[in-house]
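Good morning, and thank you for coming. I would like to introduce a structure that is new to this group. Please have the sequence and the model open as I speak.

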Amino acid sequence: MTTESRRLDLPPYLRREPVTLALLTGAAVVFFLAVSALSGIHDAQRESLAQRWAGRGVADLKLQHYEPAVVDFRTALLYARDSSAYQLSLAQALMGLHRNDEAEAYLLNLWEREPENGLVSLELARIAASKGQTDRALRYYHNAIYATWTGSQDEARHQARLELINYLLRIDAKPQADAELIDLAASFGRNSQENLLLGQLFLRAGDNRRALGAFQDALKRHRHNPTALAGAGTAAYQLALYPDAQRYLEKAHAADPGNSEVSAELKMAQAVLRWDPFRPQVPQAERNRMALDAFAAVGKRLKSCLSNPQVQPLQQSWSKLKPQMNEGLLRRQPDLVDTAMNLAFQIEKQTANTCGPQSDTDRALLLISNLHEEN
Amino acid sequence: MQQIAPVEEVEAVASHTSRFQPARVLQTVFREDSFFLILSVFIGIFSGLAVVCFRYAIDWCQLYLLGSGAEPSHSRLLLAPALTGILIAIIVIHFFPASRGSGVNQTKAALYIYNGFIPLKTAVGKFICSALAIGSGQSLGPEDPSLQIGASLASALGRKLHLSRERMRLIAPVGAAAGLAAAFNAPISAVLFVIEEVIGRWTAGILGSVVLSAVSSVVVMRWFLGSESMFRIPPVELKSPSELIAYSILGIIGGLASVVFASGIQELRPRFRRMSPWTQYLQPAVAGLVIGVIAMLGAPQVMGAGYVYIDQAMHGQFTWQFLAILALLKIVATLVSFVSGTPGGMFAPTLFIGAMLGAAVGGVEHMLYPHLSSSPGTFALVGMGVLFAGFLRVPMTSVFMVLEVSGNYTIIVPVMIANTFAYVISRGLMPTPIFDVLSRQDGMELPSMEEQREESILRVEDAMQPPSDPILNPEDSVEKAERLAEQTSRHVLLVRLRPSGWSTVGIEELKKLVAEGKGTQPIESVLTGDPVPSLHPDLPLDTALRYVDRWPVVPVVNRADLSEVEGLITERDVLERYRDFGGE
């Protein structure tokens with residue numbers, strides 16, 4: 001039997017179907033290649049259109065023309081539906097129009113596709129923050145901080161963390177803000193500007209010691225920087241380091257006499273130093289004079305507050321002590337200074353919240369009281 | 001001869017051993033049913049490629065007719081659909097008259113009437129005219145044309161390969177599934193739709209082919225167009241069980257909207273077709289003009305398939321009032337587009353109307369109970385399923401379509417509730433489904449899948465008689481059997497066999513045996529006929545027909561206890577029940 005004759009022994013469909021299959025495969029390949037070519041033309045055209053519309057959108061976005069920017073990016077997305085960049089830009093334009101819900105929808109879609117995208121997380125955090133959704137905002141801010149960024153990663157992460165810190169300070173979450181600041185400080189503060197920023201944020205977070213450190217670092221680089229001097233003065237003032245505060249604030253005032261906050265703090269620091277009889281190395285006579293002045297000042301404070309029944313016992317104590325308050329007796333009985341000052345502190349504390357506005361002297365005495373209580 | 005001998009020897013050895021036998025492998029692979037499965041993959045690939053081309057064609061038409069911007073100028077809005085409408089009318093009337101009408105029905109016609117034949121010309125016409133229509137802004141969708149393009153390609157392929165008539169009948173639905181799957185990017189929904197609405201029955205062979213073609217077409221489509229779903233699905237959730245009330249209301253509104261939409265087509269389509277022949281040239285243009293005016297007046301969203309706007313509705317970018325207006329305008333726009341004879345499908349408009357209605361209901365709920373309601377996107381998604389169930393009357397597909405598009409199973413309860421309401425209301429108010437309406441308007445009486453589903457069938461229990469006659473045991477004597485037989489009205493008695501099974505014995509036979517002196521013998525020893533099969537009460541009565549003409553009486557036994565006879569059935573019982581059923 002020949003090979004030909006054996007082949008013919010196969011049923012007819014076995015001779016036909018393999019050929020059919022081969023032909024179908026060939027046709028599919030040809031069709032596929034043709035559609036690929038068509039697809040190339042189609043995709044190129046759409047990409048070009050997308051770029052053209054996105055270009056217009058970027059220009060509009062820069063000019064803060066959000067309405068046309070939305071139309072531009074929407075059109076661009078018609079031709080490049082999956083473009084993350086266009087979706088992000090559209091979301092930003094929508095946020096510019098305060099259409100946060102729409103923007104959020106785009107961003108969430110992007111976030112699901114690119115959870116590592118820092119900018120998307122940051123924008124989502126901003127929206128959550130604007131809606132008062134603190135937990136979501138914190139989650140997205142942290143995503144942004146640890147996410148991938150194009151360009152300078154460190155810079156972008158620092159900016160994201162700074163934004164988070166500002167948000168935390170806005171919602172008065174000072175301990176969390178302070179924790180974030182401590183993290184930030186580990187890699188921040190490479191120049192005086194960054195030190196200044198750190199110092200100011202630490203001040204706002206109530207971490208005065210770190211604030212003072214940051215301002216002092218800034219002053220090491222620029223010793224006459226008025227902002228650093230003012231910041232260091234304020235931090236020292238808050239820490240009740242009044243001599244340091246006076247030193248920094250005097251320099252800051254000299255550099256910028258128009259800064260009313262500095263002037264007020266300087267005035268107060270000077271008052272504390274002037275009225276505090278317990279400062280080290282103050283001569284006895286000076287201490288006695290300070291005690292007499294303080295005693296007289298609280299007497300005035302009591303007179304303005306006689307209607308308040310809570311101060312009556314203090315008034316009696318003051319009146320009882322008054323005859324002993326003279327320089328001669330103070331010279332002979334140094335303990336009287338302590339007694340007088342303790343009474344003065346009690347009077348200032350009692351009247352602080354109940355007897356109307358305080359004078360600078362009253363505020364200074366209260367600060368001195370706090371200072372010595374802490375010590 | 002000397003050269004051939006070794007080959008023969010090898011062949012002889014091969015045929016008697018278990019070694020690799022190419023001929024046998026080929027026989028297995030190229031058996032017609034296996035080959036049909038392979039062919040289904042090719043149908044899927046070709047359909048997927050054709051649908052990709054179709055989508056490109058729509059994009060290009062849209063680009064050149066309406067411009068590249070998302071907001072076309074007023075002149076384009078007015079002129080593009082109207083002037084293109086005239087062109088479409090000329091092409092349809094003079095070159096592709098068969099490209100009008102529903103692709104679903106044409107596929108069904110191929111299956112039930114034309115032995116799988118759909119002219120390739122129909123696909124070409126559908127491709128060109130639908131691309132022009134959708135691209136110019138007519139309110140129609142690409143799914144139905146895609147379905148028909150797939151079916152038509154499959155039919156052409158089947159004809160070329162000279163498939164058997166049975167395969168040819170099935171090949172169009174296989175292509176239809178491929179076309180629809182590629183258009184929807186949803187293979188499960190496409191398979192279900194074709195099974196539910198076109199073929200109407202599940203068998204392994206059909207399902208395998210349909211699934212293979214659908215999956216391969218989707219793979220091809222995703223290769224070129226990407227794997228993203230048609231919409232960006234927002235986070236979907238059911239916030240509170242009380243929200244189900246809102247979803248029920250959505251189902252009711254969707255059901256009513258479906259009836260309005262379908263009734264509009266039922267009423268208007270024949271009227272438009274009865275108009276003078278010359279008006280056929282103008283009808284698509286007038287429809288285009290109406291849509292252009294609607295767009296110019298502030299609702300360009302009604303133009304084309306509208307997927308972009310479904311997406312926007314899902315993300316809460318419209319107020320509920322505007323969403324409701326859009327739903328209403330889309331019904332009007334789709335009505336005029338479809339009844340004017342412009343080729344194109346109604347799947348996308350159905351989804352659009354459903355999404356808008358859903359998002360509108362969601363918006364109202366959010367306004368009334370802001371803390372209770374989930375996102376409008378959830379309502380829009382459910383709304384799409386609602387219109388699918390109410391308008392297209394494919395309840396299973398409608399549920400799976402929403403699940404497949406959303407990729408989220410948490411909304412299955414709202415979807416099922418809303419779809420059920422819509423389906424029941426639509427069916428109650430408009431008994432004939434839209435596809436059947438269209439086929440009857442086209443002069444065809446295609447089988448209605450819904451009617452088949454709902455049809456009540458007769459079962460064995462409806463015809464069987466209670467087992468009043470005694471049943472003989474195998475050990476009973478012939479004499480005893482004869483005595484018992486005398487007391488009954490039947491000519492035949494049932495005999496229980498050991499350990500199982502049944503037989504029958506006739507009175508005449510028993511008398512003859514007694515006369516022959518075999519009266520004391522056990523009945524078992526004298527049985528000569530074949531064992532009698534048994535039936536169960538729940539079996540269709542058709543099943544009984546296969547047996548009752550061979551055996552004079554057939555036992556109907558309990559499924560849990562095969563020895564318990566629940567009734568007896570004879571040919572006469574069956575025929576009488578059928579006669580009575582026809583009278584009912």
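Allow me to begin with a term: a crossing of two helices is called left-handed if the near helix is turned anticlockwise from the far one by less than a right angle, and right-handed if clockwise. With that term in hand, please turn to helices α7 and α8 of chain B, whose crossing is right-handed. Helix α7(B) covers residues 143-160 and helix α8(B) residues 165-184; the two pack at an angle of about 145°, and their axes are 6 Å apart. The contact between α7(B) and α8(B) is made by 15 nonpolar, seven polar and two charged residues. I should state at once that this is a predicted model.

Let me now place these helices in their chain. Chain B holds 26 helices and five strands. Of its 584 residues, 52% count as buried. If we take the contacts in chain B between residues at least 6 apart in sequence, 78% of them join residues at least 24 apart.

I turn next to the interior. The largest nonpolar core has 155 residues, and B:A177, B:V194 and B:M356 are those with the most contacts inside it. Which helix gives the largest share of this core? That is helix α3 of chain B, residues 32-66, from which 17 residues come. Another core lies apart from this one; it has 97 residues, including A:L77, A:L249, A:V262 and A:A340.

One of the residues just named deserves a second look. Leaving aside residues up to four places away in sequence, B:M356 touches B:A313, B:L323, B:L326, B:A327 and B:K330. Of these partners, B:A313 is one of the buried residues of helix α13(B). This helix, residues 307-314, is mostly covered, with six of its eight residues buried. Against what do the buried residues of α13(B) pack? They pack against α14 (320-339), α15 (347-368) and α16 (376-392) of chain B. After α13(B) comes B:G316, which has a positive phi, near 65°.

Let us move to the strands. Three strands of chain B form an open sheet in the order β1-β2-β3, with mixed pairing. Why is one side of β1 and of β3 left without a neighbour in the sheet? Strands β1 (471-472) and β3 (502-506) stand at the edges and have a single partner strand each, so one side of each has no neighbour there. In general, the strands of a sheet pair through backbone hydrogen bonds, either parallel or antiparallel. Here, β2(B), residues 492-496, and β3(B) pair in the antiparallel sense over five bridges. Within this pairing, B:V492 has B:G506 as its bridge partner, and B:L493 has B:V505. The hairpin of β2(B) and β3(B) has five residues between the strands, and B:G501 takes a positive phi there, near 105°. Although β3(B) stands at an edge, four of its five residues are buried.

Finally, I come to the contact between the chains. Chain B contributes 31 residues to it and chain A 28 residues. On the side of chain B, helices α2 (22-29) and α3 each supply at least two residues. Helix α3(B) gives the most, with ten residues. By class, the side of chain B that touches chain A has 19 nonpolar, seven polar and five charged residues. Helix α3(B) thus appears twice in this account, as the source of the largest share of the largest core and as the helix that gives the most to the side of chain B facing the contact.

Key
Residues are numbered from 1 along each chain as its sequence is written. Chains are lettered from A and ligands numbered from 1 in the order in which they are written. This is a predicted model: local features need pLDDT of at least 70, side-chain atom pairs count only at pLDDT 80 or more; totals for chains, interfaces and linings use all residues. A nonpolar core is a set of buried Ala, Val, Leu, Ile, Met, Phe, Trp, Tyr and Cys residues joined through C-beta atoms within 7 Å. A residue is buried if 20 or more other C-beta atoms lie within 10 Å of its own, exposed if 12 or fewer, and partly exposed in between; C-beta atoms are placed from the backbone. Two residues are in contact if their C-beta atoms, placed from the backbone, lie within 7 Å. Two strands pair if DSSP finds at least two bridges between them. Axes are lines fitted to C-alpha atoms, for helices over the stretch in contact, and angles run from 0 to 180 degrees between N-to-C directions. Ala, Val, Leu, Ile, Met, Phe, Trp, Tyr, Cys and Pro count as nonpolar, Asp, Glu, Lys and Arg as charged, and the others, Gly among them, as polar.
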